[in-house]
Amino acid sequence: MRVAEDPQAVVAAAVEAREVPGAVAVYGTREGTSSIGAHGFARLAGAGREASAKSEKRRAEVQRAGAQAEVQREVAQAEVQRAGAQAEVRRVRSPAQMHRPELHAQQPAPTPGAEVPEEMHAQTLFDLASLTKVVATLPSILALLSDGRISLEDRTGDFFPFAQGAAARLSLRSLLSHSSGLPASLPLYREVGTVANALSLILGDTLELEPGKYVYSDLGFITLGAVVEEVSGQGLEEFASERVFRPLGMVDTGFGPVVGRQVAATENCPWRGRVMQGEVHDENAFALGGVCGHAGLFGTAEDLAKYALAWLRLDERLGPERLLNEAVSEQLEQNGVRRGLGWQLAGENSSVGPLASSGAFGHTGFTGTSLWCDPVQGWFAVLLTNRVHPQRDDGARIHRLRRRFHEAVARAVAS
């Protein structure tokens with residue numbers, strides 16, 4: 001019988017092998033957190049200089065791509081102008097106008113310049129990237145469903161009268177399960193500057209949609225974030241804080257920019273010309289004000305453990321048990337990929353690893369973050385890394401690390 005490997009030792013070894021600069025890992029059972037550990041560095045010494053050559057190369061690539069985007073921009077602007085009058089009366093506001101919690105706002109983002117490494121701590125904040133989808137947007141949608149203010153079968157055209165053609169007939173269920181047919185993403189940061197204009201492009205008639213086909217789509221969750229705002233009359237940040245974060249005691253979770261706290265650094269971004277630290281890494285979220293349905297959230301491993309426990313315990317503060325169970329039930333299965341409402345479900349080669357039950361659900365974020373729960377085996381695992389610091393790679397190393405970590409957690413809980 002194989003001896004269970006300490007999950008924290010797995011992460012520490014990965015940091016030692018320079019698979020990631022640093023990490024905070026936490027895991028536990030329904031009874032609570034079993035272990036939390038901080039490893040490595042939140043920011044490497046001289047990270048901006050070390051990545052400069054690669055950054056300059058990518059900057060040139062971005063500039064070339066920008067020239068190629070001129071035609072796309074003209075199309076986008078025409079769409080915006082055509083839908084402009086209707087978009088103006090929408091209640092969806094620019095993220096720059098939205099409420100900011102005291103922890104994160106009212107001050108400019110930091111200008112990183114440290115030439116000494118910053119050690120990782122258990123309370124280090126991370127850019128959660130696409131965990132925003134399931135930690136902010138999904139529970140906000142569930143809150144509106146619980147209130148009876150929306151239905152999963154409601155269509156985009158019910159909320160946005162400027163939506164056209166097939167884009168007006170996308171159900172909330174299809175957006176949540178990534179089966180709406182919307183493209184994965186668009187370079188909105190090169191084309192539009194507000195959420196209203198972005199929606200005019202996403203829901204216009206210029207995109208070729210394939211309804212029913214699985215496409216993991218940031219655009220779908222940008223749209224869902226806007227639905228929350230349209231229905232609630234509040235900014236996504238304000239609504240999620242009021243209905244999700246504060247009730248669950250997630251005091252360190254919110255949208256950026258983050259000031260006055262240590263934040264794990266992300267990429268030396270060629271487009272923005274600096275190492276991102278305390279500002280959202282995702283280009284589209286950054287251009288749209290930092291508060292979006294697909295990215296922009298910052299938080300700690302401890303807060304995410306509270307959130308994971310709420311799901312494991314079917315906490316009524318997230319919604320009725322019936323609705324929570326539906327969210328983690330299979331809505332789509334294509335080519336080995338299984339999706340619930342927002343959540344990824346355990347499947348072939350998923351990052352939860354080979355020992356998890358088929359009932360496990362979770363999500364990952366591009367910056368190196370992940371959260372998984374296994375309600376059958378009764379455990380949760382949160383792994384937050386800054387794997388894109390100081391530059392991104394193809395993601396193969398973080399995928400292997402996630403699987404090793406989750407396998408170790410499963411063995412530790414079972415032993």
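## Contacts of Val-135 and the nonpolar cores

Leaving aside neighbours within four places in sequence, Val-135 contacts Val-244, Phe-245, Met-250, Leu-297, Leu-304 and Tyr-307. The structure is a predicted model, and Val-135 belongs to its largest nonpolar core, a set of 87 residues. Val-135 is among the residues with the most contacts inside that core, together with Leu-188, Tyr-307, Trp-311, Trp-343, Leu-371 and Phe-380. Tyr-307 therefore appears twice in this picture, as a contact of Val-135 and as one of the most connected core residues, where a core is defined by buried residues joined through side-chain atoms within 4.5 Å. Helix H5 (residues 131-146) supplies the largest share of this core, ten residues.

A second core, separate from the one above, has 22 residues, including Val-11, Ala-346, Trp-372 and Ala-381. In general terms, nonpolar side chains of soluble globular proteins tend to be buried together.

## The buried face of helix H1

Val-11, a member of the second core, lies in helix H1 (residues 7-16) and is buried, as are Pro-7, Gln-8, Val-10, Ala-14 and Val-15. When H1 is viewed down its axis, the buried residues fall within an arc of 160 degrees, so they line one face of the helix. An α-helix has 3.6 residues a turn, so residues three or four places apart point the same way.

The partners of these buried residues are strand E1 (22-29), strand E2 (32-43), strand E14 (379-385) and helix H14 (396-414). Just after H1, Arg-18 adopts a positive phi of about 65 degrees.

## Backbone geometry in the loops

Most residues other than glycine have a negative phi, and most peptide bonds are trans. Two peptide bonds that precede proline may be noted here. Gly-256 and Pro-257 are joined by a cis peptide bond with omega of about 5 degrees; Pro-257 is located in the loop between strand E5 (254-255) and strand E6 (268-269). The bond from His-389 to Pro-390 is also cis, with omega near -5 degrees. Pro-390 is located in the loop between E14 and H14, two elements against which the buried residues of H1 pack.

Leu-314 and Asn-335, neither of them a glycine, have positive phi values. For Leu-314, phi is about 50 degrees, and the residue sits in the loop between helix H12 (301-312) and helix H13 (321-327). Its relative accessible area is 28%, so Leu-314 is partly exposed. For Asn-335, phi is about 55 degrees, and the loop in question runs between strand E9 (332-334) and strand E10 (337-339). Asn-335 is exposed, because its relative accessible area is 79%.

## Salt bridges

The structure holds 16 salt bridges. In one of them, the side chains of Asp-218 and Lys-133 meet at 2.8 Å, N to O. This pair links distant parts of the chain, with Asp-218 in helix H9 (residues 218-232) and Lys-133 in helix H5, 85 residues apart. Both Asp-218 and Lys-133 are buried.

A second pair, Glu-326 and Arg-173, meets at 3.0 Å, N to O. Glu-326 lies in helix H13 and Arg-173 in helix H7 (residues 172-176), so the bridge likewise joins distant parts of the chain, 153 residues apart. Glu-326 counts as partly exposed at 21% relative accessibility, and Arg-173 counts as partly exposed at 22%. Glu-326 and Arg-173 are linked with Glu-153 in a network of salt bridges.Arg-317 and Asp-315 form a further salt bridge, with the closest N and O atoms 2.7 Å apart. Arg-317 counts as partly exposed at 47% relative accessibility, whereas Asp-315 is buried, because its relative accessible area of 15% is under the 20% limit.

## Confidence of the prediction

The protein chain has an average pLDDT of 87, and 83% of the residues score at least 70. Confidence is highest in H5, at a mean of 99, and lowest in helix H4 (residues 70-88), at a mean of 39. H5 is also the helix that gives the largest share of the largest core.

Over residues 50-57, pLDDT stays under 50, and the model has nine contacts beyond four places in sequence for this stretch. Over residues 59-114, pLDDT again stays under 50, with 97 contacts beyond four places in sequence.

How values were computed
Residues numbered from 1 in each chain as written. Predicted model: local features only at pLDDT ≥ 70, side-chain atom pairs only at ≥ 80, totals over all residues. Heavy atoms only, no water. Buried < 20%, exposed > 50% of the residue type's maximum accessible area, 1.4 Å probe, protein only. Helix = DSSP H or I, 4+ residues; strand = E, 2+ residues; numbered from the N terminus. Contact = heavy atoms within 4.5 Å. Arc of directions from axis to C-beta. Salt bridge = Lys/Arg side-chain N within 4 Å of Asp/Glu carboxyl O. pLDDT = per-residue confidence, 0-100.
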